[in-house]
Amino acid sequence: MNPKFYSRRDFVRATGMGMGSIGLQSLLAGDRSLNPLSPGKTHFDAKAKRVIHIFANGGPSQVDSFDYKPALKKYNGKEMPGDQLRTERKTGTLMDSSFEFKQRGESGIWASDLFPRVAEMVDDLCVINSMHANVPNHEPSLMLMNTGAERVNLVRPSLGSWVTYGLGTENENLPGFVSLCPGGVPIVETQNWRSAFLPGAYQGTHVDTKKNSISSLIPNLKNSRLRPYQQRNQLDLVQAMNAADDVGDPQMNARIHSLELAYRMQIEASDAFDVTREPENVRELYGKTLHGDQMLIARRLVERGVRFVQVWHGAGQPWDSHENIAKNHGRLANEADQPIAALLHDLKMRGLLEDTLVIWGGEFGRTPTVELPTPGANSPNTALGRDHNHHGFTMWMAGGGVKGGFQYGKTDEFGFKAVENPVHVHDLHATILHLLGFDHENLTYRYAGRDFRLTDVHGEVIKDLIA
Amino acid sequence: MRLLLLPFLFSTVGILSSAESFPPEQIAFFETEIRPVLVDNCLKCHTGAKARVGLQLDHRDGWLKGSDYRKVINPHNAAESVILHAVRQNGKEKTPKMPEKGDKLNPEAIEALQKWIAMGLPWPINEKRDESTDPRKHWSFQPVNPPELPENAGHPIDYFIRTKLEEKGIAPAPRAGRYDLHRRLSFDLVGLPPTFEETEEFINNPEPHQKIWPALIDKFLASPQYGERWARHWMDIARYSDTKGYEAGGRERKFIFSHTYRDWLIRSFNEDLPFDQFLLYQLAAEQLVDWKGADREHLAALGFISLSKNGKQELVIDDRIDTTFRGMMGLTVSCARCHDHKFDPVSTKEYYSLYGIFRNSLATDQPLIAEPPNTPEYKAYLGEIAKLEKKRTDYLTPLLARVLKENPKLKGNEAGLISKLPREEQKKARELQEDVKKFIAKKEMEPDKALIVKDHGKPSAQHVYIRGNPSRRGELVKASFPKLGSPSEPEPFKQGSGRLEMAKEIASAKNPLTARVIVNRVWMWHFGEGIVRTVSDFGLQGEHPSHPELLDWLAGWFVQNGWSVKKLHRLILTSETWQQSSSHPEVETTFPLDPENRLLWRSFRHRLDFEQMRDAMLAASGELDTTLYGRSVKILEPPYSRRRSVYAFIDRQNLSSVFRHFDFSNPQESTGQRPDTTIPMQALFTMNSDFAMKRAENLIATSGTNEDLITALHRKVFAKEPSEKDKILADSFLKSFHSGDKSARQNLSGWSYGWGGVDKQSGEVSFHLYQHWDAKKNDWRINKEYPVPDSPKRYLHTGNSSMHPGLGEEYSNIFRWHSPKEMKIDISGEVTRPAVGKGRSGMVMHIVSSKNGILLTKKLPVNEKTIPVELGGIDVAPDEIISFVTDCDGDTSFDTYSWDPTVSNAGNPEERWKYSVDFSGPVTPLDAPAAYAHALLNTNRFLFIQ
């Protein structure tokens, strides 16, 4: 079934006048016209009910993390044999990883010490080593990963918006799609979580997790001039007047309902973002850091029924280690490792991992070759950095119906290009939607004379990834 | 297997034509010998829009058309068809080996294919589209054919609407009451509510309705605010924005002169510029007006083209084609950028015929459409710009001189020379240029200029970009107009880019779409739904009109009446159909007959849109700034502008979520109809925004009895007297509203911040409120001057997570919590003093109750960092105060500390007050009258039009 969004008008047409408010609550609960965020119907039974997308924006290196290439040791400092692949900047000889690889868990998947704690949980991960995208530049690759259409300024809804459009939310007191990003926004900015031509209700709500005042997280979440009980009295007055004016109009009744939702959202959203409500041992599990707290917020949100949470590493493109990758990746992974591992562990303990799909990765990976200095483009001191690489990179998923301790696809001997079972970003999107219960070809929205979908005319579900 | 049924493609190949019927034995041959081969070997890749290299083998026309690169069959010599080379895998004519995956076809199959091609590709005729979906016969591509009205038809609109209602046996709703009609008309035409006085005057006018109603319409149409409301409708179509979209590297995004387009729209609507002129100017004003003459203001109309989003050329052009054709003709030609339109008769060739027009229409120097001011400020401004430009010149001159020596050919070509500089220097040059742009954008002092485009060069042929990819060039096409199913080939355009000729084709009375599309839009903006509900898609995928005769009659009438939009308003608004009530007396029996209200048996109710809502709040409080025209203003940031919402600064890239939550049009693309949702974020804006509360406060002007207040507010907010029920509700709200103790200056969660000391015997706290809030540092202080010189109060202050005591017990830092009710509480938290071991002493903390004195005293020694300060099971009474006191313990050095206590209700741990979460600066609570006024702004009565 196609969970087509019906407009309010359709609803008015379908139910019309004169039905009074009898059955209104049940109508509101199920009807997406009056309430675009009410739960939607999937095409088939879903493995995953919600998503946490951890975005290592800037492009984390696969050959330093989850794509083990012993050949790099052998060829360290030597020209890469075979054809040179084009990336953003000039690169030179192959460069070995500074991080030590080991086989981990029962699955024996190789992972480096870059993410030591995440690596320990490799038996829960479904590692895709053969990701590939289209171009080696941040903006288009972010657009591709987030909206399935790489052209910047092309109007396409984001993955989170599509998922929220398809599934609605399980908790109307919170936004359905939240994007956590500390310290500002990534490049291409709010376009990363835009709903484009889908209604505004499906747009990602950006929360700057570096701000510590909860009222600044969501616009107008808090009333700065009325005490809670005063506001309740005021709302009671409003609703009494609304009841007196009732003519059985569905949209007017929907507004009565949404006033109550808004009232509750003030309290519930504040709670959801307040990590100090967690027991001390949980906070310590995540590490009481910016990234720990933000990952804990992500868990608190999905636990409360938020459908899609994106967790960005930071504003701009933090993982973009053109220089000194050992130091820079080391620092970034150190910030992210414990929180990510804690998230997986915590979700598992709570039985949430089963139907929560966790996705980790960047918009692309990095070259196995060392970046060369280019006057004016990068620092003359590019010592031991790596350039962007869209030809082959690694992402992993966990929970939500994917195989654990599973490795899929391969890059070439050096980790440059996906050569075996390549997975394009469109395929990843198709697979994600499949796990959520949607046929990616049929989750569509009619706009400007045609049916749009996340994967446009592309994408194949990678069935091998599904448990 | 069912094959995809694709529509006609109007291409013919040699002797083969696309619409042929074949003898049954040939069809049988196809079904038995050919179709199974195709299904098994070809169609996985060569089907539909996704077909590899654009070669669709799932229908006969696909075979005839061939791939994106070449024909695949040779009608004269079947054996030499490219496709046969491919399956023979002989490599002739550089053919790939097919099928790519799987086994080579067996010789019998190849022979059958050859035979089939030689037969002329017999294919069952019934797999073609049926006649009703033949694009050439599609209703909207037929000439407008206005029906004759019978004599005594009465109002033409009512005639058409009621005829259909009668057929269904439905009686229309009666005319709405005068209050509702007046309010509806006012919001509809000027986007603002009428005042109480205006409403009363209309309601009590003894003259007959037929006389006063047209007069009221004319009054609103004559108001300059009419143009502001209706310009905004067209701005949705024109994807209006004040910024270009995403620009990397911090480059300036503002258009600077976007407002001149908006202002031109407002003027055009107010002056009732004939709609065909209106369209012509927006597409080609620079070729129609005297640049130095009185009509130069029309140059601003080209903002329609210029205010597109930025990005790669092909996307900019696509945006311009899409906005033009979807906006003006309800045609979705953009699909044809990559492939022939799947549904509508627009081919890729036709798309690129238009593409060439826009590619040859380039932005150019912006001509002045206003006189530069002769003021000292403006002169100073010009001086500043000159300085910035000189800075750039000074930097570049020596560098360019150097490069010129090496590249003497580039003499006079500054851009060329700059491109030869080393990257660092190029970057610096760019930055210096950007500084000028940013300065201009920031100052907003430039006299108005028009954002125009100009034809560039002679008409030139344009390559088709295969699959929309500019690096894959197909055949050359000339600038011309899509023929929309007409059998004759279009004449190529001859003048310049062809843009003016294209504009004339669009704004022509002969164009079957243009007039239909605009009368349908105007209809929708009046009623809420169009006669064709897919207002921007009149193609085969669009909906059919509910009243086709009416639509054609209106389109014909509109053109006959000089394309006058104001006359069209009058016609629609004087109909009884528009004036119907939104309630119907026999709704139970009527509703099932037409649940969608397609036949208009009653009027639609509407929630105010974002602009109507915001403007209505300002109008109610009497604060609306009715200044016309000018640069856009940020309306969601303090100090909240009081200008109308049509002047809101629209940031295409990062449009505030508040706009989006209210279904504001998407400035990325032409929007025909906004979504209409109801979500809690909308309620949060009316409930909590400072904007709404400020309006509420400013609604309170009179002092007097509650009764006076209630009446005054209802007149301002609803233009109506309060009912008896309203008065009872209001009275009880105003009497019971508890404003709290203002003198204690608690914040909304019950905390107050100050300093003082504790009497150790009595446990009494002497407490002085901090008098100064430092908004920058986010903390409370004794006064502006900090540190206070030569005083024990020197470093006293308290912030969210960092605080400091004064010197001596009587100068302790104190924050207090006021209990709202009787309950048992727990207090948790810890004190941290980061400077472990530094200073001469640690600190002493007390928790003190206003009823029971000191509850707890704790000492944090100098060489310890943290100490828990916790208490459990304390009974508190309403208005009891708990003070959290920190004494420096004799010495204040290194006594910066943090104490973040949480008070929680032991009976309900979810109910809690946490210092750092609740921390706030000064609050000015709404008093009872303002809270009441604020409530009125939140009612459905205020936010809905009946």
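**Figure 1. The surroundings of Val309(A) in a predicted model**. Leaving aside neighbours within four places in sequence, Val309(A) is in contact with six residues that you can pick out one by one: Ile52(A), Val178(A), Leu180(A), Ala298(A), Leu301(A) and Val302(A). Please keep in mind throughout these views that the model is predicted.

**Figure 2. The largest nonpolar core, with members from chain A and chain B**. This core holds 276 residues. Which of them touch the most other members? They are Cys126(A), Ala298(A), Val309(A), Val358(A) and Trp396(A), together with Leu302(B) and Val519(B) from the other chain. Helix H11 of chain A, residues 325-349, is the element that gives the most to this core, contributing nine residues. On the chain B side, domain 2 (156-232 + 514-593) and domain 3 (255-367 + 455-506) both give residues, so the core lies between them. Apart from this core lies another one, of 37 residues; Met845(B), Val876(B), Ile882(B) and Trp913(B) are among them.

**Figure 3. Helix H12 of chain A and the elements packed around it**. Is helix H12 (residues 425-435) of chain A largely enclosed or largely open? Eleven of its eleven residues are buried, so H12(A) is largely enclosed by the rest of the structure. Walking along the helix, the buried residues are Val425(A), His426(A), Asp427(A), Leu428(A), His429(A), Ala430(A), Thr431(A), Ile432(A), Leu433(A), His434(A) and Leu435(A). Their packing partners in chain A include two helices, H5 (138-147) and H6 (159-167). Strands E5 (125-132), E9 (356-361) and E16 (423-424) of chain A also pack against the buried residues of H12(A). Just after the helix, look for Gly437(A), which takes a positive phi of about 95 degrees.

**Figure 4. A three-stranded open sheet in chain A**. The strands follow the order E2-E10-E11, and their pairing is antiparallel. Strand E2 (91-94) and strand E11 (386-389) of chain A are the edge strands, each pairing on one side only. From one strand to the next, the twist averages 60 degrees. Strand E10 (residues 365-371) of chain A is joined to E11(A) by three bridges, and the two run antiparallel. To find your way across this pair, start at Arg366(A), whose bridge partner in E11(A) is His388(A).

**Figure 5. A three-stranded open sheet in chain B**. Here the order is E17-E14-E20, again with antiparallel pairing. At the edges are strand E17 (866-868) and strand E20 (898-899) of chain B, and each pairs on one side only. Three bridges link strand E14 (residues 830-832) of chain B with E17(B) in the antiparallel sense. A handy landmark is Glu830(B), which stands opposite Pro868(B) in E17(B).

**Figure 6. The loop that holds Arg533(B)**. Where does Arg533(B) sit? The residue is in the loop between helix H19 (514-527) and helix H20 (548-560) of chain B. Arg533(B) is buried, with 20 other C-beta atoms within 10 Å. Include Arg598(B) in this view too: the two residues are 65 residues apart along the chain, and their C-alpha atoms are separated by 9.6 Å.

**Figure 7. Where chain A meets chain B**. How many residues of chain A are in contact with chain B? There are 70 of them, and they are in contact with 80 residues of chain B. On the side of chain A that touches chain B, helix H1 (8-15), helix H7 (228-244) and helix H8 (250-272) each supply at least two residues. By residue type, this side of chain A divides into 33 nonpolar, 22 polar and 15 charged.

**Figure 8. The two chains and the domains of chain B, for orientation**. Chain A has twelve helices and 18 strands, and 61% of its 467 residues count as buried. Chain B has 32 helices and 23 strands, with buried residues making up 45% of its 946 residues. The C-alpha trace of chain B spans about 115 × 85 × 70 Å along its principal axes. The domain assignment of chain B gives domain 1 (24-129), domain 2 (156-232 + 514-593), domain 3 (255-367 + 455-506), domain 4 (376-446) and domain 5 (742-918). Taken over C-alpha atoms, the centres of domain 3 and domain 4 of chain B are separated by 33 Å.

Notes: Residues are numbered from 1 along each chain as its sequence is written. Chains are lettered from A and ligands numbered from 1 in the order in which they are written. This is a predicted model: local features need pLDDT of at least 70, side-chain atom pairs count only at pLDDT 80 or more; totals for chains, interfaces and linings use all residues. Helices (H or I, at least four residues) and strands (E, at least two) are DSSP runs, numbered from the N terminus. A residue is buried if 20 or more other C-beta atoms lie within 10 Å of its own, exposed if 12 or fewer, and partly exposed in between; C-beta atoms are placed from the backbone. A nonpolar core is a set of buried Ala, Val, Leu, Ile, Met, Phe, Trp, Tyr and Cys residues joined through C-beta atoms within 7 Å. Domain bounds come from an automatic or database domain assignment. Two residues are in contact if their C-beta atoms, placed from the backbone, lie within 7 Å. Two strands pair if DSSP finds at least two bridges between them. Ala, Val, Leu, Ile, Met, Phe, Trp, Tyr, Cys and Pro count as nonpolar, Asp, Glu, Lys and Arg as charged, and the others, Gly among them, as polar. Axes are lines fitted to C-alpha atoms, for helices over the stretch in contact, and angles run from 0 to 180 degrees between N-to-C directions.
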